[in-house]
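Please look at the sequence and the structure below. The paragraphs that follow go through some of the helices, contacts and single residues.

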Amino acid sequence: MSAHRDEGPPVGGPAPELVASGFALENADAPFLHRGLNLADIAHVLDLSRRGLVPAAAQRALLELLLVAQATPAEEFPYDPELGEPYNSREAWFVSQLGDVAGWLHAGRPRREAVRIALRLHVRHQIAELVGEAVRFGRDAVARAEEHTETVMPDQTYLQHAQPSTFAHYLLSFVYSTVRDGQRLLAELDWVDTSPGGAGCVNGTRLLEDRAFVAEALGFDGVIEHTRDAMWQVDGLISVLAVASSLVSNLSKLAEDLEIWSSSEFDYVDLDHGFTRASVLMPQKRNPYSLSIIRGASGVLIGRLSGFLAVSKSPSARSDNLIYAYGEVPRALDLTLRITRLAAGVVRTLRVNADRLAEEVRGGYSQATDLAEHLVQTCDVDYRTAYLVVGRAVRTASRAGVPGVEITGEMLDRAALEHTGRALGLAGTDLTGALDPWRIVLSRDAQGGAAPAAVARMTADLTHRLDQLDARARERLAAFDGAETALLDAVRQATTPESAERESR
């Protein structure tokens, strides 16, 4: 080994550039970790104590001080970038209050273990809350759908008229995606709700051979098996960010549609005034500002997912893939929660212009597919031929200003004669069943269709699924809160004067 190597801990304080960049950024994340760090420290002290590793007086002093720290808001706790990352500020404060007794907090545990636990405690609560907000959006959307089962509209692909449908059927498509993302979030919650406690740096510690106590004390559902993996895994955080991005991406699709449809050119929907913003220059404008917030947030979350993937590609057991996680993951989930709540408000208060939608569907040609299928059923022609015949008839009608509902058998015969050399014998035929948008909707009674009966089956199914998601999320939140409350109550009980008297006997 070279004689010129400078081994050992740093001498002197950190460089101001490091303070202003790394440590300042890490301390900005302290509010996300503060409560979890206190709980992790409490569980660690209790674990040491039950093994007889920490003297009773030291245990009591530490627990009493940790209760003070827990009752102190993060904004009031003396986190100081000059001291390093948040854990260093905590260490300095504990030492200032207790002296070397504070050193027991490090027994058998590196700083990263406490921070990893704190992140999971915070994120698990966020995920369960986010599932609840997703449920709220879903319920609001289902309620609006139930109001519009007979609101006929031309559903669109590529912003072009596709087929006659209903606003209810359109809106439910976003609920199904939301339910799936809610289910994914609960699956990721199972990953988050496991404890890295007792993992040490990479290979555990001789002081704490049983890792279950900390997990149970903090209400974790289990222990991460492999100690090195427990300390350095990030794949679950990537999945959490991906699902959050997916959830808001779904809401962004809805927001983009509504932004277009709320324009004067479309006038399909109108946002409640509370979800818009005025132009300071143009008096006539009321901008759909809430929709811009939703759309922009989707881009931000995609960026955070991409950024975290970029920092996660480092070699194994490196801090750079987690330093940013402490802030980026909670901030991403907080943004997702806010946006999901915003989208629910937009949908809940949205005005749907049913007359305008009906006018548009009757004035267009979205029934063309049904008309082609009618020819297949009644005229003994293959679908390709029927498609081309109807296409010719639609082109002629559109040029003549004839709406789709007024296409006649004679027009189809002329189109067939041009294409195949023979008429189809449709002159004088009643085509209402294939042309009337509402009758077309009523024909879609199969599973997943737009007919009111089919929509009713879906709203009932979605309501059941949303209720299940809500119940599971509430159950998990109650379990988290119950475990934390029980832990704090046990510590308060252990630090009463009566307990001190018992210890002294």
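In this predicted model, H15 and H16 are oblique to each other, because their angle falls in none of the ranges for parallel, antiparallel or perpendicular pairs. The angle at which H15 and H16 pack is about 120 degrees, and their axes are 8 Å apart. Perpendicular pairs end at 115 degrees, and roughly antiparallel ones begin over 145. The crossing of H15 and H16 is right-handed.

H15 covers residues 383-400, and H16 covers residues 409-420. One residue of H16 is Met411. With a relative accessible area of 12%, Met411 is buried, because the cut-off for buried residues is under 20%. Between the C-alpha atoms of Met411 and Arg139 there are 46 Å, and the two residues are 272 residues apart along the chain.

H15 also packs with H14, which is made up of residues 368-378. The axes of H14 and H15 come within 8 Å and cross at roughly 130 degrees. This pair is therefore oblique too, and the crossing of H14 and H15 is right-handed.

Between H14 and H15 there is a loop, and Asp380 is found there. Asp380 is not a glycine, yet its phi is positive, at about 55 degrees. Is Asp380 buried or exposed? Its relative accessible area is 72%, so Asp380 is exposed. Tyr383 is found in H15, and it counts as partly exposed at 37% relative accessibility. Together with Val376 and Tyr387, Tyr383 forms a nonpolar patch on the surface. The accessible area of these three residues together is about 280 Å².

A positive phi also occurs at Leu159, another residue that is not glycine, where the value is near 60 degrees. Leu159 sits in the loop between strand E1, residues 152-157, and strand E2, residues 160-166. Its relative accessibility is 44%, so Leu159 counts as partly exposed.

Next come the salt bridges. Their count in this model is 36. One of them joins the side chains of Arg111 and Glu85, with a distance of 2.8 Å from N to O. Arg111 lies in helix H5 (residues 111-147), while Glu85 lies in the loop between helix H3 (56-71) and helix H4 (86-98), so this pair ties together parts that are 26 residues apart in sequence. The two partners differ in accessibility class: Arg111 counts as partly exposed at 36%, whereas Glu85 counts as buried at 17%.

A second salt bridge is formed by Asp370 and Arg444, whose closest N and O atoms are 2.8 Å apart. Which parts of the chain does this pair tie together? Asp370 lies in helix H14, and Arg444 lies in the loop between helix H18 (437-442) and helix H19 (452-494), so the parts that are tied together are 74 residues apart in sequence. Asp370 is buried, with a relative accessible area of 9%. Arg444 is partly exposed, with a relative accessible area of 24%.

A third salt bridge lies within one helix. Arg474 and Asp470 form a salt bridge in which the closest N and O atoms are 3.0 Å apart. Both residues are in helix H19, and because they are four residues apart, about one helical turn separates them. Arg474 is exposed, with a relative accessible area of 56%, but Asp470 is buried, with a relative accessible area of 10%.

Salt bridges can also be linked to one another. In this model a network of salt bridges links Arg35, Arg124, Asp190, Asp193, Arg476 and Glu484.

The last residue to look at is Ala43, which is in helix H2, residues 30-50. At 0% relative accessibility, Ala43 counts as buried. From Ala43 to Arg90 the distance in space is 16 Å, C-alpha to C-alpha, and the two are 47 residues apart in sequence.

Notes
Residues numbered from 1 in each chain as written. Predicted model: local features only at pLDDT ≥ 70, side-chain atom pairs only at ≥ 80, totals over all residues. Heavy atoms only, no water. Patch = residues over 30% accessible without salt bridge, like charges linked within 9 Å, V, L, I, M, F, W, Y side chains within 5 Å. Areas by Shrake-Rupley, 256 points an atom, 1.4 Å probe, with all protein chains shown as cover. Salt bridge = Lys/Arg side-chain N within 4 Å of Asp/Glu carboxyl O. Helix = DSSP H or I, 4+ residues; strand = E, 2+ residues; numbered from the N terminus. Buried < 20%, exposed > 50% of the residue type's maximum accessible area, 1.4 Å probe, protein only. Axes fitted to C-alpha atoms, helices over the stretch in contact; angles between N-to-C directions. Parallel < 35°, antiparallel > 145°, perpendicular 65-115°, else oblique. Left-handed = near helix turned anticlockwise from the far one by under 90°.
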